[in-house]
Structures are given as C-alpha cells and as structure tokens.
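Work through the following exercises with the sequence and the model at hand, and compare each step of your reasoning with the solution given below it.

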Amino acid sequence: MKNTSSYAPSAPLSFRRAASDDDLTELVRLRDAAARWQIERGIEQWQPGELDEGHFRRRLREGEVWLATLGPDGPSAGAWELWWDDEPAWGAQPPVAGYVHRLMTDRRTAPPGAGRVLLAEAERRIAAYGRELCRLDCLTSNDRLRRHYEEAGYTVVGEQAGKNGDGGRTYGVTLLEKRVRVA
C-alpha cells in the first residue's frame, strides 16, 4: 500500500508567487543548490548554471512560480514551477491538468518532509484552478525520484523517450499523474 500521507514540518511553511527580481535571483540559487545536491549523490539530472534568471522570468510570464518560506518573512525553503500545459512531455492535451516542474527544496533551511508539503500545495493550487489532474515527469533513469512520487500517490502513465528540454537537450522521462479534488 502506498503512503500518501503528508509530513507536517515543525516550522510552518508559507507560500507566495514569485514576482520580483530578488525572487529570480533566489530561484537561480535554489536551483543551483539542488543541482549540486543531486550531483553529490550521483543523480544525473540538473547541472549548476543551467538555468538563469531569464528562464524564471519566462516561467513567470507563461505560468506560475511559487516560493515557500519558513513563515511569512523567513528564509526560502523551496520552490516549484506550475505550468498549465506541457507539450514537450505530454503532447497536446485538453485543459484538465496542471504540470509541476522544478520542485526543489533548500537543504539548509527546509524541514524534513518539506518536498511533500510543497507538492501538496501545488496540488491544491491546481485543484483551485479547476483542473482535476496534477502531472509531472522525471528522468526515466531516476528510479529514486519516481518511487518518491509513487509514494506520494502518483501513478506512472507512460514514458516520453525524446523530450526536448532545457538547453536543447533531449532525454527520456517517465510521466506520472495524480487526481486532485477540484475545489
């Protein structure tokens, strides 16, 4: 049986949409720190310096980018991108899903279980938008991350062998989705 419960960290997390130039700088810092953490653990997925402020500025225009902080005025604990379509991975789809990308936590400040809390907040946002599915993808070679998402209630629904992603790279991804309760 899958464990779909959320861990509630001791420090309350607050969430807000990214908007300022300072937020862009912080998003790059979070992404680069997450990339270094992955590399240190032998996970071949992200590289430091791969995404700059221009990437996050485009994401702000084309979707939503969310920051999590420890309390309303505390340090950053993590972030994620929320897209309303994702043709590179999923192809053309009816408007029934939100797509979570670049879910990342700050290993220095985020309490244990914060990644699940961020994911649950993204799911709530998708449901509030009136979409019934939360979709995401991960590298086909990243079994650890796939298991993490499955333990959070996601189901593998396919693979995309040739996703065109950041920096013109092409790679295989596993497609996962979870039904969310529409508000």
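**Exercise 1.** Determine how many residues lie between β2 and β3 in their hairpin, and which residue in the turn has a positive phi.

Solution. The hairpin of β2 and β3 has 5 residues between its strands, and in the turn Gly71 has a positive phi of about 75 degrees. Strands here are DSSP runs (E, at least two residues) and helices are runs of H or I with at least four residues, both numbered from the N terminus. The model is predicted, with local features requiring pLDDT of at least 70, side-chain atom pairs pLDDT 80 or more, and totals for chains, interfaces and linings using all residues. Residues are numbered from 1 along each chain as its sequence is written, and side-chain values use heavy atoms, leaving out hydrogens and water.

**Exercise 2.** Establish how β2 pairs with β3 and with β1, and whether β2 is mostly covered or not.

Solution. Pairing requires at least two DSSP bridges between two strands. Between β2 and β3 there are 6 bridges in the antiparallel sense, where Val65 has Glu81 in β3 as its bridge partner. On β1, 5 bridges lead to β2, again antiparallel, and Arg17 stands opposite Trp66 in β2. As for cover, 6 of the 7 residues of β2 are buried (under 20% relative accessible area, 1.4 Å probe, protein chains only).

**Exercise 3.** Give the strand order of the sheet, and explain why β1 and β6 each have one side without a neighbour.

Solution. The open sheet has 7 strands in the order β1-β2-β3-β4-β5-β7-β6, with mixed pairing. Because β1 (13–17) and β6 (155–164) stand at the edges, each has a single partner strand, and one side of each lacks a neighbour in the sheet.

Conventions
Buried means under 20% relative accessible area, exposed over 50%, partly exposed in between (1.4 Å probe, protein chains only).
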